[in-house]
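The report below is meant to be read beside the sequence and the coordinates. It moves from the ligand site to two buried polar side chains, and then to the nonpolar cores and the backbone.

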Amino acid sequence: MLEKIKETAAFIRNIIGETPDYAIVLGSGLGKLQNEVEAIHTIEYPEIPNFPQTTVVGHGGKLIYGILEGKKVLMMSGRFHYYEGYSMETVTFPMRVFHLLGIKKMILSNASGGVNPAFHVGDIMMVKDHINMMPEHPLRGKNIDELGPRFVDMSEPYSKAMIATAERIAEREGIEVHKGVYLGLQGPTFETPAEYGMVRVLGGDAVGMSTVPEVIVARHMGMEVFCVSIITDLGGPEIAFAVSHEEVLQAANKAMPNVIKLVTNLVREHEG
Ligand code: HPA
């Protein structure tokens with residue numbers, strides 16, 4: 001496993017030749033951030049040794065290396081979800097590689113279902129904490145001490161400094177943002193009304209099918225993490241609207257300009 005990560009990192013380092021400031025995982029909500037970056041190198045996943053391959057025909061996935069707001073960023077366009085059938089090791093393999101490339105900061109985005117009654121479709125939530133309810137833990141198994149400790153401190157899963165900077169930016173730019181807890185379930189079904197109710201009872205503000213494994217592995221290696229979530233639908237025991245993938249994408253698209261404004265300013269202004 002470690003050898004594979006090293007081989008993949010060496011391959012990418014050979015191409016980009018320098019250490020990026022940020023890794024950015026483009027989930028639903030940040031896709032168009034690709035257009036903001038001055039791309040220097042684009043590497044398709046099938047070209048990268050040991051890199052997982054996407055299951056979607058025609059969407060091979062790629063890493064984009066370039067400059068965003070004067071900072072060096074490595075963007076992952078096309079992420080891997082547990083519900084697609086990948087192992088947790090595969091889902092989080094890119095984070096391992098990012099760490100070996102020397103990247104210290106990671107920004108992720110996702111779409112989620114809001115269960116906090118104050119939320120509306122299209123709202124933006126900065127993730128301040130998460131609850132891991134995925135059925136498999138990405139750090140289960142023999143620990144690779146070279147990458148991080150056996151028992152991982154999770155007292156600050158999402159960087160308080162990055163959240164504080166993002167809050168200042170949101171206020172200055174007039175972007176309304178929430179802060180909340182993201183609860184990760186495996187999917188691929190959206191939740192039943194009772195399950196949305198459970199998420200709320202357990203302390204979640206939003207529920208989704210990604211991010212949690214990536215963040216755990218990033219924290220295992222000491223990376224600083226920021227995550228922004230777009231509330232694309234609402235759920236609860238008394239709410240029985242149907243949710244579709246199309247609606248999720250539509251809501252994410254609507255919020256995207258503000259999410260992009262938040263993230264580009266954060267990349268420029270966050271020191272650390
Ligand atoms: N549940 C889980 N994942 C999601 C949702 C949801 O309601 N919306 C977008 N991703």
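What follows describes a predicted model.

The shell around the ligand is made up of Ala111, Ser112, Gly113, Phe190, Glu191, Tyr196, Val207, Gly208, Met209, Thr232, Asp233 and Val248. By class, six of these residues are nonpolar, four are polar and two are charged. Strand E5 (105-114), strand E8 (206-208) and strand E9 (224-234) each supply at least two residues of this shell, and E5 gives the most, with three residues. The polar approaches to the ligand include a backbone N or O atom of alanine 111, which lies 3.3 Å from a ligand nitrogen, and a polar backbone atom of glycine 113, which is 3.4 Å from a nitrogen atom of the ligand. An oxygen atom of the ligand, in turn, lies 2.7 Å from a polar side-chain atom of tyrosine 196. Taken alone the ligand exposes 260 Å², of which the protein buries 95%.

Arginine 79 lies in the loop between strand E4 (71-77) and helix H2 (88-91). Its relative accessibility is 8%, and because the cut-off for a buried residue is under 20%, arginine 79 counts as buried. Leaving aside neighbours within four places in sequence, the residues in contact with arginine 79 are Val25, Gly27, Glu84, Leu108, Ser109, Asn110, Ser210, Thr211 and Glu214. The C-alpha atoms of arginine 79 and glycine 197, 118 residues apart along the chain, are separated by 28 Å.

Histidine 220 belongs to helix H6 (residues 212-220) and is buried as well, with a relative accessible area of 3%. Beyond its neighbours within four places in sequence, histidine 220 is in contact with Arg96, Leu139, Asn143, Ile144, Leu147, Gly148, Pro149 and Val152. The polar contacts made by the side chains of arginine 79 and histidine 220 are set out here.

| Side chain | Partner | Distance |
|---|---|---|
| Arginine 79 | Serine 109, backbone oxygen | 3.0 Å |
| Arginine 79 | Glutamate 214, side chain | 2.9 Å |
| Histidine 220 | Glycine 148, backbone oxygen | 3.4 Å |
| Histidine 220 | Proline 149, backbone oxygen | 3.0 Å |

In soluble globular proteins, nonpolar side chains tend to be buried together. In this model the largest nonpolar core has 75 residues, and those with the most contacts inside it are Ile24 and Phe98. Helix H7 (residues 245-269) gives the most to this core, with nine residues. Apart from it lies another core, of six residues, among them Val115, Leu185, Tyr196 and Val207. Isoleucine 24, for its part, is in contact with Leu30, Leu33, Leu68, Val73, Leu74, Met75, Met76, Ile107 and Val267, with neighbours within four places in sequence left aside.

Most residues other than glycine have a negative phi, and most peptide bonds are trans. Which peptide bond here is cis? The bond is the one from glycine 187 to proline 188, with omega near 0 degrees, and proline 188 is found in the loop between strand E7 (177-184) and helix H5 (193-202). Glutamate 69, in the loop between strand E3 (62-68) and E4, has a positive phi of about 50 degrees although it is not a glycine, and glutamate 69 is partly exposed, with a relative accessible area of 35%. Threonine 211 also has a positive phi, of about 70 degrees; threonine 211 is placed in the loop between E8 and H6 and is buried, at 0% relative accessibility.

How values were computed. Residues are numbered from 1 along each chain as its sequence is written. This is a predicted model: local features need pLDDT of at least 70, side-chain atom pairs count only at pLDDT 80 or more; totals for chains, interfaces and linings use all residues. Side-chain values use heavy atoms; hydrogens and water are left out. Helices (H or I, at least four residues) and strands (E, at least two) are DSSP runs, numbered from the N terminus. Buried means under 20% relative accessible area, exposed over 50%, partly exposed in between (1.4 Å probe, protein chains only). A polar contact is a pair of N or O atoms within 3.5 Å; within protein, one must be able to donate a hydrogen and the other to accept it, and residues adjacent in sequence count only if both atoms are side-chain atoms. Contact means heavy atoms within 4.5 Å. A residue is near a molecule or strand if one of its heavy atoms lies within 4 Å of it. Accessible areas come from the Shrake-Rupley method with a 1.4 Å probe; for residues, only the protein chains shown count as cover. Ala, Val, Leu, Ile, Met, Phe, Trp, Tyr, Cys and Pro count as nonpolar, Asp, Glu, Lys and Arg as charged, and the others, Gly among them, as polar. A nonpolar core is a set of buried Ala, Val, Leu, Ile, Met, Phe, Trp, Tyr and Cys residues joined through side-chain atoms within 4.5 Å.
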